[in-house]
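Hi,

Here is the structure I promised to pass on. Have a look at it first, and then read my notes below.

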Amino acid sequence: MKALPIGLALSGGTAKSVTHVGVIKALAEADIPVSLVSGTSGGSIVATMYASGMPITTMEDVARAMSWRKLIAIKLTRLGFISSKRIEEFVRETIGDVCFEDLRMPCAVVVTNLVTGDKRVFRHGPVAPAVRASCSIPQVYLPVDIDGEYYVDGGLSEYLPVETARELGARFVIASHLGPVDRKYRRPHHILQLVMQITGLMAHRNYVISELQADVVVRPNLDHYSSFDFEHAGDMIELGYNTARQMIGTIREQYERCCGWKARLMTTLRGG
């Protein structure tokens, strides 16, 4: 049975994105051979750290030390007042001023063109600006200008980047999905809650499709946590770890089934 390349798709999730670190830890401990990774919004930060070859223990330390102070800079302009420049600086400080070609694992970052609404996938060139753009939630962060085009949060076009993982070469995709399990929205009490609910509604329209395209979906229930809650990073990492760990048997079973099915299909196509 020929092994198939395994892709890991990491969804958005703002502060909740640290949960992906726990998922990755569980997969690594179980020797699940991830070959490539795709990330959207907060998931793109974790994806690039993982693809850089950073040890998981270091990823945990970085995740626990994250704060909004490190990711926000006030900048008054006609398009808004919060710059995502510090996200770009954070990425450079964490993994270096590297290009996608320098990473140890194929990696893709999803962004959305603010003018056309189209998805764009960054797989080449500097990593930090792409991650910055992918994390730039409209109405919270300013759009990011890359090569004369304005880009914003990748979650608006592909919150759960399963399709992108397949475009990158994955034949089996594990999706780490941090969207709400119970989608009961409450009346917002301030502008940030309003923006997050609008963004969540838009993301839901595309992630329900992405879920169906994944071979396995790991979905920790983070409904108890806030999108702005870095204070409980350790708890969220542990929740991601425990959720993924409980699914290792399912992942292996689905992978073996997928390998066997595709091997039989190729034999049939060859007339064997």
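Let me start with Met 247, which sits in the loop between helix 10 (233-246) and helix 11 (248-269). Leaving out residues up to four places away in sequence, Met 247 touches Val 216, Val 217 and Val 218. Leu 27 lies 220 residues from Met 247 along the chain, yet the two C-alpha atoms are separated by 9.6 Å. Before you go further, keep in mind that this is a predicted model.

Now the overall picture. The protein chain has 272 residues, and 52% of them count as buried. Its secondary structure comes to eleven helices and ten strands. If you take the contacts between residues at least 6 apart in sequence, 75% of them join residues at least 24 apart.

Helix 2

This is the element I spent the most time on. Helix 2 covers residues 42-51, and ten of its ten residues are buried, so the helix is largely enclosed by the rest of the structure. If you want to click through them, the buried residues are Gly 42, Gly 43, Ser 44, Ile 45, Val 46, Ala 47, Thr 48, Met 49, Tyr 50 and Ala 51. Just after the helix comes Gly 53, with a positive phi of about 95°.

What does helix 2 pack against? Helix 5 is one partner: the axes are 10 Å apart and the packing angle is about 20°. Angles under 35 degrees count as roughly parallel, so that is how helix 2 and helix 5 are described. The crossing is right-handed. On the helix 2 side the contact is made by Ile 45, Thr 48 and Met 49, and on the helix 5 side by Ile 87, Phe 90, Thr 94 and Ile 95. Sorted by class, those residues give five nonpolar, two polar and no charged.

Helix 6 (residues 127-134) is another partner, with its axis 7 Å from that of helix 2 and an angle of about 155°. Since angles over 145 degrees count as roughly antiparallel, helix 2 and helix 6 fall into that group. Their crossing is right-handed too. Here Ser 44, Ile 45 and Thr 48 of helix 2 meet Val 127, Val 131 and Ser 134 of helix 6. The classes in this contact are three nonpolar, three polar and no charged.

Ile 45 and Thr 48 are worth selecting on screen: they take part in the contact with helix 5 and also in the one with helix 6.

Helix 5

Back to helix 5, which runs over residues 85-95 and has Ile 87, Glu 88, Phe 90, Val 91 and Ile 95 buried. Looking down the helix axis, these buried residues fall within an arc of 160°, so they line one face of the helix. Ile 87, Phe 90 and Ile 95 appear among the buried residues and again in the contact with helix 2. The residue that follows the helix is Gly 96, whose phi is positive, near 100°.

A few single residues

Which other spots did I check? Ser 38 is one, in strand 2 (residues 34-40). With 0% relative accessibility, Ser 38 counts as buried. Beyond four places in sequence, Ser 38 touches Leu 8, Ala 9, Leu 10, Ala 47, Ala 108, Pro 161, Thr 164 and Ala 165. Ala 47 in that list belongs to helix 2. Val 110 is 72 residues from Ser 38 in sequence, with a C-alpha to C-alpha distance of 7.7 Å.

Then there is Thr 112, in strand 5 (residues 107-113). Thr 112 is buried as well, its relative accessible area being 3%. Its contacts, again without residues up to four places away, are Gly 117, Asp 118, Tyr 150, Tyr 151, Val 152, Asp 153, Gly 154, Leu 156 and Ser 157.

Finally, Thr 19 belongs to helix 1 (residues 19-29). Is Thr 19 buried or exposed? Buried, with a relative accessible area of 0%. Setting aside neighbours within four places, Thr 19 is in contact with Leu 178, Pro 220, Leu 222, Met 236, Ile 237 and Gly 240. Met 236 and Ile 237 sit within the span of helix 10 (233-246).

Cheers

Notes: Residues are numbered from 1 along each chain as its sequence is written. This is a predicted model: local features need pLDDT of at least 70, side-chain atom pairs count only at pLDDT 80 or more; totals for chains, interfaces and linings use all residues. Side-chain values use heavy atoms; hydrogens and water are left out. Buried means under 20% relative accessible area, exposed over 50%, partly exposed in between (1.4 Å probe, protein chains only). Helices (H or I, at least four residues) and strands (E, at least two) are DSSP runs, numbered from the N terminus. The arc is that of the directions from the helix axis to the C-beta atoms. Axes are lines fitted to C-alpha atoms, for helices over the stretch in contact, and angles run from 0 to 180 degrees between N-to-C directions. Angles under 35 degrees count as roughly parallel, over 145 as roughly antiparallel, 65 to 115 as roughly perpendicular and the rest as oblique. A crossing is left-handed if the near helix is turned anticlockwise from the far one by less than a right angle, and right-handed if clockwise. Contact means heavy atoms within 4.5 Å. Ala, Val, Leu, Ile, Met, Phe, Trp, Tyr, Cys and Pro count as nonpolar, Asp, Glu, Lys and Arg as charged, and the others, Gly among them, as polar.
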